[in-house]
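Here are a few short exercises on aromatic contacts, each with a worked solution. Take a look at the model, then work through them step by step.

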Amino acid sequence: MKQSFNGSFSAAEIENLIQYHLRYSLGYNDGQATAEAMFRALALTLRERLVDGMSHTEERYRQQQSKRLCYLSMEYLIGSSLRNNLSNLGLLNLYKEVLWKMDIDFDSVCDAESDAALGNGGLGRLATCFLDSLATLSMPAVGYGINYEFGLFKQRIVNGYQKERPDRWLGKGSPWQIERPDAACLIPVYGQVELVKDQFGNYQPVWLNWELIIGVPCDMPIIGYGGNTINRLRLYSSKSAEEFDIEKFNQGDYLQAVEHKIFSERISKVLYPSDSVIPGQELRLIQEYFLVACSLRDILRQQNNYNHSIGDLPQNVAIQLNDTHPALAVAELMRLLIDEHKLDWETAWDKTVQTLGYTNHTLLPEALEKWPVPLFERVLPRHLQIIFDINQRFLRKVMVAFPGNQYKLREMSIIEETEPKQVRMAYLSIIGSHSINGVAALHSELIKSQLVPNFHDMWPDRFNNKTNGVSQRRWLLNANPRLAQLINGSIGDTWTTDLYNLQQLEAFVDDAGFLGEIAAVKQANKERLAAHIGASQSVTIDPTSIFDVQIKRIHEYKRQLLNALHIIHLYLQIVDEGLTLTQPRTHIFAGKAAAGYREAKLIIKLINNVADIVNKDPRVKDQLKVIFLPNYNVSLGEKIFPAADISEQISTAGMEASGTGNMKFALNGALTVGTLDGANIEIRHQVGPDNIFIFGLNADEIQELRDRCTYQPAQIYRDNPCVRQVIDAIRADRFSENEKGIFHSICDKILDPRDYYFHLADFESYRLVQANATSLFGEKQEWHRKALKNIARSGFFSSDRTVREYAEEIWGIEPVADLDDDGTTGEFLAEKLA
């Protein structure tokens, strides 16, 4: 019978449940509860409903024998869940009403929830948007990941420097997580492989003397919009198989008594431990193996529970590898099929390739992952043996496809012949998957033409594009309720499940009254962000100024440095040239640098030093402000995206895979200043070239400069007085009086012809396009008309569209409706959308 898990709650019942959980689940007396306690009580009022919803959804899939997706990702950047869950269940307004009657501020309760520290950037946020879309479309899917105790890190800025602190988001547990100790997995690691005779007298490789780690899962409910489907995200924590050695403890060796426990449980402590040292490399390798080993054991157990044979795995399951981190799934699935389920090699390989798909998210060599063979041999000896076998059989096929071509053999081998030898994980993913996709049109073409052209030559049909998307429920409906309310009052709310319906807003692009309402919404959002900045940073900013925003992971290719150089140029125009800016500007940055990435951390230091100088200089007055907001996360993003006027998407062309922040900004009415890179190209195509500010060299021009070695930044420095003025100011320590010379290495790098990111090549074009944007901002009605066109033309960038493409072209899964009383499938949301 068709069910929904979003109805039949009355306001009185909700209030009673809140009071019950405050007293009996959390131990608070009347009037004593903190905002955090109130958040937990609200979450607990939903728990029974969510558990029932997950069980009903799973039973629905089981009854209809649905093929399911298993999505493997090292990251899920979930953010906070209370508001999103209530919204998807259709209970948001009812809960707001209840708290209002209780004289409790709903927003304060939501703000008391810590962001789930399970991800870092776009990779994890994309995975979370996909899970939202899959549930909304009633598609059978499970996300698999690691339940990090501390996440990446909590970023603080001290004297301009990034400082990393543990992000103890699970310190008090999460009311959303449901532990499943009955589904724990035993995961072997270390040991050695020996040849042992089987019952037929044949020698078989056997993995011996391994150590065991226990993977204990917990489930987080993923609620589809409307509440008809509740899928799950299964996250694994690492536990020791030997909690405590009492003999060693009684002998006084207290540390040794818990050594195995400490070793095992470190695996799920933090996201991306630094791999700049050997122990860090070992931990990251084990962490990635732990993810795939737990996931695959669970997948095969479910295959058995559904009474499906192992041989039918590709017909019942699609497994998607979200980037190269889960690449070991190729070797681990082969190991399980051969060693434990006794399939022959050719059959096991056929099932593996048919089941696995691989999404590439980067063209950066350092992100494609290689592991030293000696490390691999010590940690995962059986997997290395299987990888050698995969490689040997694959190279035979290469010899047939490209006879006599030794270059192809060397370039396509999984094993890189360096000292020491390296296992190329991206190559393992490509060889072991039936589909390899990029995440934007340009990115997918560059994968084929630059990253792995030899593999494309061999298997052209395996390569495809799936441009990223974002969930409009999270990033418009919930993040920007003022704009959502305005849209709903104008065209209805069908856009929440079909974003293309925003096209109906085109009817208002010449409606002065409606443009005024768009402007009022934007201004209110800017005032909200200004208040947050004032409270958290003790800096007063002008909410009528241009909010120019760049929020993303700090990396040289994303070129936060180019943005900073332009800000310095504007500052020097004011204080040295005596000019007045035609529009006041507020430049807002946020993002984390990897803990071991020195250059990125120095860029953060430069931005903060520039901010300190600019914001305190009385000559600047209110013309220019610079803000670096620390510890960027989803909750902070929900404040920033709705308030932005300009979206900075200024990566070196050919280096950004896609980006999703660019889509969120456009959806919320910001105008993009960007290069022809990643999904900027598709945004330009969708919104129109007149509604975006494009500058700089394109990917072909950048590649030509690299190939011909003709880039001459020193000549640009000599010829361009603006560039010279900025570089000279940095060299003269105008932004580092107390730390002389700290930024000289930045100058040296961007003046070096080997600057891989071509900062100065694009500086003048960037300066001019910024001037054009500033000029347009003064024409308020025209600015808001273009902003409205960005909103109205964002339909393509819904993750619902992306997921449908994956489902139809790669995964082979379909929406699954509830069964009606007569046993037939009823109407479901995806059917309505079609």
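A residue counts as buried when its relative accessible area is under 20%. The model you are looking at is predicted.

**Exercise 1.** Decide whether Y711 is buried or exposed, and do the same for F758.

Solution. Start with Y711: its relative accessibility is 4%, so Y711 counts as buried. Then take F758, whose relative accessible area is 3%, so F758 is buried as well.

**Exercise 2.** Classify the ring pair formed by Y71 and F130, and locate both partners in the chain.

Solution. Begin with the full list: searching the whole structure gives 19 aromatic pairs. In one of them, the ring centres of Y71 and F130 are 6.0 Å apart and the planes meet at 70°, so this pair is edge-to-face. Next, place the partners: Y71 belongs to strand β1 (residues 68–72) and F130 to helix α6 (residues 122–136), so the pair links parts of the chain 59 residues apart, given how these elements are assigned. Finally, check burial: both Y71 and F130 are buried.

**Exercise 3.** Find the geometry of the pair Y711 and F758.

Solution. The centre-to-centre distance is 4.8 Å and the angle between the planes is 50°, which makes the pair tilted. Y711 lies in the loop between α28 (699–708) and α29 (713–719), while F758 lies in the loop between α31 (744–751) and α32 (759–777).

**Exercise 4.** Which charged end sits over the ring of F402, and which over the ring of F796?

Solution. For F402 it is K408, 4.5 Å from the ring centre. For F796 it is R801, at 3.9 Å from the ring centre.

Notes
Residues numbered from 1 in each chain as written. Predicted model: local features only at pLDDT ≥ 70, side-chain atom pairs only at ≥ 80, totals over all residues. Heavy atoms only, no water. Phe/Tyr/Trp six-rings, centres within 6.5 Å; stacked < 30°, edge-to-face > 60°. Helix = DSSP H or I, 4+ residues; strand = E, 2+ residues; numbered from the N terminus. Buried < 20%, exposed > 50% of the residue type's maximum accessible area, 1.4 Å probe, protein only. Lys NZ or Arg CZ within 6 Å of the ring centre and 35° of its normal.
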